[in-house]
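Q: Please give me a close look at the aromatic pairs here, then follow the chain on to whatever else can be described. I am new to this structure, so plain wording is best.

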Amino acid sequence: MISEHPIIVANWKMNTTLADAIIIASSVRKALEEMHHVEVILCPEFVWLYPVKEKLSKFPLSNLKIGAQNISQFDNGSYTGEISAQMIKNLVQFVILGHSERISNFDEDENTTNKKIKLALDHDIYPIVCVGERTKSETSVTFVVNKLKRILKTISHEEYQNILIAYEPIWAIGTDKEAESDYVDEVAKKIKEELSDDLKVLYGGSVDSENASNYLIHRHIDGLLVGRASLKAREFVEICSLANGGCDDIG
Ligand code: PEP
């Protein structure tokens, strides 16, 4: 089951060495011993999934989970270099899908993301589905909601409780130009109204410990997807701690 607590996802992308991955994961695990009102999902590179899982499973915590950053759109077969959902289903509980870097660097489109969501669900992996607009001028709640509807087009409504949405305006990723939190809350609210209240909606785009609370205080924002700031253990732990702190709801 997806947690009712704020959810903080760390997307390490292709940035950590094995030593980095183990150090960050261990620091987060240690800090989480004192945090019981936040759910954290660490998404290491594929090759570090097993060692990170091994490390964390020595002293498991129920609110610390592991996710992958991608899966193949195919279930098995002659697809050199691909990694399927069934290969990693015993290593992860979550998978990030449709990230803008998959779209811009690897030509993935809404259909590809849709196929991957179905495969993840078939293998009992919770998809973290990214959606967002490319430029600030394209920014509109309707644009984002319609895009998400297309991505989820063949997914049954019963499955929505097993899916996390990460609203990530592409212009805010890796830029230090985070989106206005009121606007993000409006997008999250609309997604829930138009698709389902069962969907949890996270925000991602230049989140750090300075701005995290701006989002977490909003009623419709259920957590954060963190890129760069998740590579610094202390910074990431601070974000988790802010989420754990249960900011008053002004949404
Ligand atoms: C991301 O990669 O999805 C992301 C939000 O990155 P950053 O936090 O670095 O903007």
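**Aromatic pairs, strand β1 and the largest pocket**

A: Tyr203 and Tyr215 are both buried. The model they belong to is a predicted one. The number of aromatic pairs counted in the model is four. In one of them, the ring centres of Phe74 and Tyr79 are 3.8 Å apart and the angle between the ring planes is 0 degrees, so the pair is stacked. Planes under 30 degrees apart count as stacked. Phe74 has a relative accessible area of 30%, so Phe74 is partly exposed. Tyr79 is also partly exposed, because its value is 35%. Tyr203 and Tyr215 form another stacked pair, with 4.3 Å from centre to centre and 20 degrees between the planes. Tyr203 is in strand β7 (residues 200-204) and Tyr215 in helix α8 (residues 212-216), so this pair links distant parts of the chain, 12 residues apart.

Next comes strand β1. Ile8 is one residue of this strand. Its relative accessible area is 0%, so Ile8 is buried. Leaving out residues up to four places away in sequence, Ile8 touches a set of residues that includes Val38, Val40, Ile41, Leu216, Leu224, Val226, Phe236 and Ile239. Leu119 stands 111 residues from Ile8 along the chain, and 23 Å separates their C-alpha atoms.

Asn11 also belongs to strand β1, which covers residues 7-11. Asn11 is buried because its relative accessibility is 4%, and buried means under 20%. A polar atom of the Asn11 side chain lies 3.1 Å from the backbone nitrogen of Lys13. With neighbours within four places in sequence set aside, Asn11 is in contact with Cys43, Gln69, Ile96, His99, Leu225, Val226, Gly227 and Ser230.

Gln69, a contact of Asn11, leads to the largest pocket. Its lining consists of 23 residues, and those nearest the pocket centre are Phe46, Gln69, Asn70, Arg102 and Phe106. The space in this pocket is about 540 Å³. Sorted by class, the lining holds nine polar, seven nonpolar and seven charged residues. Helices α4 (100-106) and α5 (110-122) each supply at least two lining residues. The largest share comes from α4, with four residues.

Note on methods. Residues are numbered from 1 along each chain as its sequence is written. This is a predicted model: local features need pLDDT of at least 70, side-chain atom pairs count only at pLDDT 80 or more; totals for chains, interfaces and linings use all residues. Side-chain values use heavy atoms; hydrogens and water are left out. On a 1 Å grid over the protein atoms alone, a cavity is a set of points where a 1.4 Å probe fits but cannot get out, and a pocket is an open set with protein on both sides within 12 Å along at least five of seven lines; lining residues have an atom within 4 Å of a point. Grid points are joined across faces, edges and corners, and a volume is the space filled by probe spheres set on the points. Ala, Val, Leu, Ile, Met, Phe, Trp, Tyr, Cys and Pro count as nonpolar, Asp, Glu, Lys and Arg as charged, and the others, Gly among them, as polar. Buried means under 20% relative accessible area, exposed over 50%, partly exposed in between (1.4 Å probe, protein chains only). A polar contact is a pair of N or O atoms within 3.5 Å; within protein, one must be able to donate a hydrogen and the other to accept it, and residues adjacent in sequence count only if both atoms are side-chain atoms. Contact means heavy atoms within 4.5 Å. Rings of Phe, Tyr and Trp (its six-membered ring) pair if their centres lie within 6.5 Å; planes under 30 degrees apart count as stacked, over 60 as edge-to-face and the rest as tilted.
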